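Work through these exercises with the structure open beside you. Try each task before reading its solution.

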Amino acid sequence: MAESFDPYTEWLEVANQRRPPSHYSILGVKQGESRGAVIEQQARRQKQKLAPHLEGPDARLAKRLAFEIEAARSCLTDPGKRAAYNQTLSPARGRGGQASAVRSGRARQAKAASPSPARPATPGPRPGTAGAVAGESVVAPAPAGSPAEGQTAGTAEQVVKFPAPSPMLFVAAGVAALLLFGALIWWVAAGTSGSRHDARPPSELAGRDPSELAAPPAPPAEPSMGSSGLGDPVEREHASVTHCDDAPASSPRAPGDEQERAQPGKPIAESRQSVHSSPLDDAVSPMDPDDQGDELREEPAPSVELARPAVDKLAPDDSKTETTAAPLTPKPVPEFAEQQVVRDLIDEEFDTASARTSGERRRLADTLASLAEETDDATERFTLLRRAAELASDAGDARVMLELVDRIAEEFAFDRLSARAVMLNTCAQNASEERQIKALVAASAVVVDEALAADRVDLAYSLSASVYQACLPPAPADAAVRKAALGRRRELEALHERWEEVQAARKTLRANPAHEAANTIVGQWYCFLRDDWDRALPHLAKGSDPQLRALAERELNSPPDEAMAQVDLADGWWDLAEAGEDAIKDRSQGRAAHWYHLALPKLTGLHRERVAKRLQELPGGSEPDEQLPLEEGRLRGGFAGRSGPNRARLVAEAGGSEASEAAVARALEWFARHQLPDGGWSFEHTVHPRCRGKCGNPGRLPQARNAATALALLPFLSAGQTHQEGKYRQTIQSGLHYLVNNMKVSNRGGSFWEDGGRLYSHGMAAIALVEAYGMTQDPTLLRPAQAVVNYICYAQDPVGGGWRYQPRQKGDTSVLAWQLAALKSAEMSDLRVPPEVVRKASLFLDSVQAGGGATYGYTGPGSGRATTAIGLLSRMYLGWDKEQAALRRGVHSLSNWGVSTSGDMYYNYYATQVARHWEGDVWKKWNSRMQNWLVESQEKAGCEAGSWHFRGGDHGAERGGRLYCTSLATLVLQAYYRHTPLYENGEW
């Protein structure tokens, strides 16, 4: 057997005394040390000693020691925990010292193994290196009676084996996890009104196999741009949120009080069951294909063919089968048994049960979230973040909890929406302070909207009732908050009643698909309440309402392409709106506006004047000709360099070359070859009938068509090509038609929000549409362009000033980048951008900056590469000049980081723009490396000629595939002229 290896001595220089060492020993401080600064400093030093071992064959052991160091630091910097720990070190307590992370996990089993004779530790083969095998000896705790901390070195130590995990450990842990899992399934079934879920109590469900238990109906795992990195940086730099209060946790309400506040017949009674330990277990549970609530299982509704340029029909769906690369799936959630091992270790080392106040729980959540960033082990990372989210939920901190769930969803496949709703219900139980209740109401509004967007009304209804319950006396909610919660609950009650009617109608349609009354109910639900016309029209065309039926049949059977026919159809929807209630009026006018917009460019004289007047009557339909004055927050830039002599001059002056321009030309040809017959593009580019899998590496976001179309159009526009002139004018014309036809118009503006892309899709499409208008001043694009800008203004977080996946959600840096770029293009195009929207964006950047504004994080202060590039570019747009010290430091950090030749194009895309605007030596150094790398790495032959794909780059490289990579690479090569430099000739 190889001699034992003591990592404490070899790596951390911890005296050879007892093992595992005490918290004081592992930090290298004297026993009883209470100065927080000293403890923090020593913890940093000890972690630095481990740095060389965190990669390579010793990584796993080094990470476990880092975990021990963090546990020691967390304990000794907390006076209460330190005092309790010191008690365990007294001679009267025997051996002393609580179990370490290493011992708490697998080493606990080693204690039962037959020990080898005691001997001093000597250097030997390290675990994972040549000669190290499972079962190699490590120094373990000395038996009872060993000297206490501080006795002389050379004390006998116990050497034991460090075996591979026993299968029985995983069996036991799996049983425990199944018990928790069963309890959660029962709770969701009772609390979210699935009606067909098994509602037996947990004791009857605990012994069942998880595959027999159905989770609530859920869409597939969300491969969205927001959570996938198709737009998100590969660095997920979420800085921990710090808290400074120690308010006591809410005490359980008396049974009588709870009974008095409960609403008879509502699911709230069940929804307040305490299931804080396993919401994510439920979210990842297998779905029973027969258990979809009462949702009608039907074929997808046929697409409505809207007026577009004369093009061929789309290729049949079977063309999708000839792709060369199978879509990837998100990272699976770790096995329950593996989670339980890490969870036990966390709970023991950090004594989570002793965190009783909301402040203690939040601080512990922050500690665990920080530790998650330091590990690459999927099980450790998932479980640390999950436990942190549970603690934040128990603390009643809804905002932090949602951020943590989102962090998990960025990497792992599970039902994020269910997890958010379940944990918000726990927050509702524990929120006892006014600020907690305010945060709960705000957070629940976002999740309710998300549930409604996913057509999960039962989930939204249950959550709104739970939140309202939490606002009732004696809870310290102010009148405004309580009124808002009541209003939302009443709104959801009415919607839920309508939804139950729709569920009954769906049951009817299963038995009789031609039932007219049922088709009318379902069709009205989709068009007037869900704004989903593709699914609504086939039902309305078979319904009992003659006016709706006639309009739907016209749209489905012969969608008009003549101007007056489009106006006539629009008039029909307008007349319906005039006679309808508010909900019907809003959606019907929106549908009328859709057809009016398509007809307007082709109309003249009185017909044009009448249609224009009707469009002005719509909410937000006034002419965008009244410009707001330039003032604080005005954005800068220009399109002047994109074509003609200016482009050639800028290419020459800024370091472009014939090779870079040739690469751009080849990329535009590739995009043109992969435009679909309907005018748009898809990230799954191989569905094009001429490609049919000849190009590899398709993306896996087929539902994000708006985003794909926008990313394909932007390189054409950046090259000076428009729908009015240039080699690709017909290609661009068709692409713009696709976007305009797919824009959803309402009194909030024009939205490109879609599943898979969410607000990323809107920002990208908005840039394309606004730039097309700005470059041509085409009056037919004026209203659509202003409408998308209006929607960005509506979707901004009214408090924090950012943007994220859903409208008005607390922001993140990545989503903000696309919205702010669209606003920048809008101001360059003389569209209206309220200055207060821009000023609020600055507030968000303030909230995620570090180093005084030199670096930036994702949802909190940080220093990630991609988010720093985004933050610096945004600051340039918002008015920081070159004399700003933080901007200067940040730019030089980017310069030192250099080009990512591993394929992180999201970082490269933003950092290139920063360097281009900065100019000088920073730009020359950056451009030289970037241009050569991209020109050399572009595909030169076959169907892939002109494109790029960077396997193993940022997350978008797989989710967005070849189209995403090609778009960003082309835009980088167009940085010479895409926007004129912000600081050129000293102008700002």
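Buried means under 20% relative accessible area, and exposed means over 50%. Keep this cut-off at hand. The model is a predicted one.

**Exercise 1. Place Y805**

Task: Find where Y805 lies, and decide whether Y805 counts as buried or exposed.

Solution:
- Step 1. Locate the residue. Y805 sits in the loop between helix 32 (782-795) and helix 33 (813-828).
- Step 2. Take the relative accessibility of Y805, which is 1%.
- Step 3. Apply the cut-off. Buried means under 20%, so Y805 at 1% counts as buried.
- Step 4. Relate sequence to space. Y805 and A795 are ten residues apart in sequence, and their C-alpha atoms are 9.7 Å apart.

**Exercise 2. Judge the confidence**

Task: State the average pLDDT of the protein, and find stretches where pLDDT stays under 50.

Solution:
- Step 1. Start with the whole protein. The average pLDDT is 73, and 72% of the residues score at least 70.
- Step 2. Look at residues 92-280. Here pLDDT stays under 50, although the model has 458 contacts beyond four places in sequence for this stretch.
- Step 3. Look at residues 620-637. Here too pLDDT stays under 50. The model has 45 contacts beyond four places in sequence for them.
- Step 4. Draw the lesson. Where pLDDT is low, the predicted coordinates should not be read in detail.

**Exercise 3. Survey the whole protein**

Task: Describe the protein by its helices and strands, its buried share, its contacts and its exposed area.

Solution:
- Step 1. Count the elements. There are 40 helices and six strands.
- Step 2. Check burial. Of the 988 residues, 59% count as buried.
- Step 3. Check the contacts with a separation of 6 or more. Residues 24 or more positions apart account for 72% of them.
- Step 4. Check the surface. The protein exposes about 38,100 Å², and carbon and sulfur atoms supply 51% of that area.

**Exercise 4. Examine two helix residues**

Task: For T367 and V740, give the helix, the burial and the residues touched.

Solution:
- Step 1. Place T367 in helix 14 (residues 358-372).
- Step 2. Test T367 for burial. Its relative accessible area is 13%, so T367 is buried.
- Step 3. List the contacts, leaving out residues up to four places away in sequence. T367 touches E70, R73 and F350.
- Step 4. Place V740 in helix 30 (residues 729-742).
- Step 5. Test V740. The relative accessible area is 15%, so V740 is buried.
- Step 6. List the contacts of V740 by the rule that leaves out residues up to four places away. They are L769, L781 and P784.
- Step 7. Add a distance. V740 and H594 are 146 residues apart along the chain, with C-alpha atoms separated by 8.6 Å.

**Exercise 5. Classify ring pairs**

Task: Decide what kind of pair Y24 and Y85 form, and what kind Y907 and W926 form.

Solution:
- Step 1. Recall the two quantities. A pair of aromatic rings is described by the distance of the centres and the angle of the planes.
- Step 2. Note the total. The count comes to 18 aromatic pairs.
- Step 3. Take Y24 and Y85. The centres are 6.2 Å apart and the planes stand at 40 degrees, so the pair is tilted.
- Step 4. Place this pair. Y24 is in helix 2 (residues 23-27) and Y85 in helix 5 (residues 79-88), 61 residues apart.
- Step 5. Check burial. Y24 is buried at 1% relative accessible area, and Y85 is buried at 2%.
- Step 6. Take Y907 and W926. The centres are 6.0 Å apart and the planes stand at 75 degrees, so the pair is edge-to-face.
- Step 7. Place this pair. Y907 lies in helix 37 (residues 905-918) and W926 in helix 38 (residues 920-937), so the pair ties together parts 19 residues apart in sequence. Both Y907 and W926 are buried.
- Step 8. Add the charge. The charged end of R865 sits over the ring of Y907, 4.3 Å from its centre.

**Exercise 6. Explore the cores**

Task: Which residues touch the most other members of the largest nonpolar core?

Solution:
- Step 1. Take the core of 123 residues. W803 and L934 touch the most other members.
- Step 2. Find the largest contributor. Helix 31 (residues 758-776) supplies eleven residues.
- Step 3. Look elsewhere. Another core, of 101 residues, lies apart and includes L537.
- Step 4. Follow L537. This residue is one of those buried in helix 22, where six of the eight residues are buried.

Technical notes
Residues numbered from 1 in each chain as written. Predicted model: local features only at pLDDT ≥ 70, side-chain atom pairs only at ≥ 80, totals over all residues. Heavy atoms only, no water. Helix = DSSP H or I, 4+ residues; strand = E, 2+ residues; numbered from the N terminus. Buried < 20%, exposed > 50% of the residue type's maximum accessible area, 1.4 Å probe, protein only. Contact = heavy atoms within 4.5 Å. Phe/Tyr/Trp six-rings, centres within 6.5 Å; stacked < 30°, edge-to-face > 60°. Lys NZ or Arg CZ within 6 Å of the ring centre and 35° of its normal. Areas by Shrake-Rupley, 256 points an atom, 1.4 Å probe, with all protein chains shown as cover. Core = buried A, V, L, I, M, F, W, Y, C linked by side-chain atoms within 4.5 Å. pLDDT = per-residue confidence, 0-100.
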